[in-house]
Amino acid sequence: KRVCVKCLPSQGFAVSKHVCCFLRRRSRAQVFAGMDSPDQQHEEIGEAATGDASTEELDLEPNTSFSGATGKEAGIDALTEGHDSPDDEGEALVTRALAFFRDDKVFQAHRLEQRIAQEHPAVHAAHATELGAVAEVAEEAERLAADLDSEGGAWVCVKDAKKEGDVRVWYRAEEGAELHTLKVDYDMDARLEYVLVLLNEITLLHKWLPFIGASDLLSHRSRCERIAYVKVQSPAPIMLYHRDVCFYARAIDGLDEDGCVQIIARSIEDGDFGVAHPKIVGRTVRIGVDYGCVKFIPLNRGRTRVRCVVKVDPKMQGLPAWLINWIATKVCWVGMRLWEWKARSLEGSQEAGKEHKQRMDENPEFYSWMVGRIQECLGVAPEREGKGAAETDPLIGIGTLSV
């Protein structure tokens, strides 16, 4: 069977065996160097198709196609024009998305993942595992953020603010009396850096929260992933046992596009992530946290808006719901106030919080990254009026350390 260029459509025709044989015998440059007219091309390819080369095999991409261009002007480009080539733009977006994900910028990674799925479905399918991990984390965080930002509906305000920005607490009834969901909102008069330092140093929680009896870091999975253990001390363990929980937490850097840092958390079973639970000691009940979410939004004049939501099974079936809510509300209110007070003390005095400042000195890589990111997004390090922050602030200069 004779095959010629004139018989080939201009686009989308997969190269036939005969043409492949011809190309195997002569390089692309040789083919087009001597083809000055369509008739000459017709003749040469026809001759090649009847020769010995017709029995030869050539490994070409199955979707290679001709463009229909002819003559010396087309040159070698005539063979590549119209080919199905790798989706370079889609691959570049995948690279960017995964880089964002590794850098804990999960929301930005997810936006690119969604764009890839819409504009480059084949590339998305080829990277389904990696991009699926991005989507899984981001969708959980976005779902919890939506719950955190929701208002009205089933939420009942059980502690209203006496002034703007004061501690407010909401409660939402869930199916099953054992589940309780609480939401807290408070504008702290403390810088985001110090607020996060206190939360990051899990093993020092008992230093500033009197109702924490014990805490431990069980696994440091990545820069912003932790598995931890916390025990809440009961004031009357004979009547009401202590409560403890093992949980997974992940921080998300949303400062660039979302203006916040968000932490998502949930309790884990013994052996999850290869981590064994500590043994239950004394009068203690291990509780379950269905989910928790904390959003930190830096405000002007060195303040921080903190919003929390947690859905928990406190394992208090013997107590009425109103008493559980009252206890939880008091714990939330006291915890927020102490958190603010301790963050302010870290900022204002070199003597306060020596343990936390020592931990910061021992982990300059993490804290230089954290402080640097916050200061980068705020433009400058927030300094309060009337303070000699340069003399007393232990964070001054940390953001410029090399990581």
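The crossing of helix 9 and helix 10 is right-handed. The model is predicted. Helix 9 spans residues 192-200 and helix 10 spans residues 321-348. Their axes lie 9 Å apart, at an angle of about 110°. Angles of 65 to 115 degrees count as roughly perpendicular, and helix 9 and helix 10 are therefore roughly perpendicular to each other. Helix 9 contributes Tyr 194, Val 195, Val 197, Leu 198 and Leu 199 to the contact. Helix 10 contributes Trp 339, Lys 342, Ala 343, Leu 346 and Glu 347. By class, eight of these contact residues are nonpolar and two are charged, with no polar residue.

Helix 6 takes part in two packings, with helix 8 and with helix 5. Helix 6 (residues 106-119) and helix 8 (residues 128-149) cross at roughly 120°, and their axes come within 9 Å. That angle makes helix 6 oblique to helix 8. The crossing is left-handed. On the helix 6 side, the contact is made by Val 106, Phe 107, Ala 109, His 110, Glu 113 and Ile 116. On the helix 8 side, Leu 131, Val 134, Ala 135, Val 137, Ala 138, Glu 139, Ala 141 and Glu 142 take part. The contact of helix 6 with helix 8 comprises ten nonpolar residues, one polar and three charged.

Helix 5 (residues 88-102) packs on helix 6 at an angle of about 160°, with the axes 7 Å apart. Angles over 145 degrees count as roughly antiparallel, and helix 5 is therefore roughly antiparallel to helix 6. This crossing, too, is left-handed. Helix 5 supplies Glu 89, Gly 90, Leu 93, Val 94, Arg 96, Ala 97, Phe 100 and Phe 101. Helix 6 supplies Val 106, Gln 108, Ala 109, Leu 112, Arg 115 and Ile 116. Nine residues of the contact of helix 5 with helix 6 are nonpolar, two are polar and three are charged. Val 106, Ala 109 and Ile 116 of helix 6 appear in the contact with helix 8 and in the contact with helix 5.

The second largest pocket has a volume of about 200 Å³. Its lining has 15 residues. Glu 151, Arg 168, Trp 170, Asp 185 and Arg 307 lie nearest the pocket centre. Strand 2 (168-173), strand 3 (180-188) and strand 10 (304-313) each supply at least two lining residues. Strand 3 gives the largest share, four residues. By class, the lining of this pocket has nine charged, three polar and three nonpolar residues.

Conventions:
Residues are numbered from 1 along each chain as its sequence is written. This is a predicted model: local features need pLDDT of at least 70, side-chain atom pairs count only at pLDDT 80 or more; totals for chains, interfaces and linings use all residues. Side-chain values use heavy atoms; hydrogens and water are left out. Axes are lines fitted to C-alpha atoms, for helices over the stretch in contact, and angles run from 0 to 180 degrees between N-to-C directions. Angles under 35 degrees count as roughly parallel, over 145 as roughly antiparallel, 65 to 115 as roughly perpendicular and the rest as oblique. A crossing is left-handed if the near helix is turned anticlockwise from the far one by less than a right angle, and right-handed if clockwise. Contact means heavy atoms within 4.5 Å. Ala, Val, Leu, Ile, Met, Phe, Trp, Tyr, Cys and Pro count as nonpolar, Asp, Glu, Lys and Arg as charged, and the others, Gly among them, as polar. On a 1 Å grid over the protein atoms alone, a cavity is a set of points where a 1.4 Å probe fits but cannot get out, and a pocket is an open set with protein on both sides within 12 Å along at least five of seven lines; lining residues have an atom within 4 Å of a point. Grid points are joined across faces, edges and corners, and a volume is the space filled by probe spheres set on the points.
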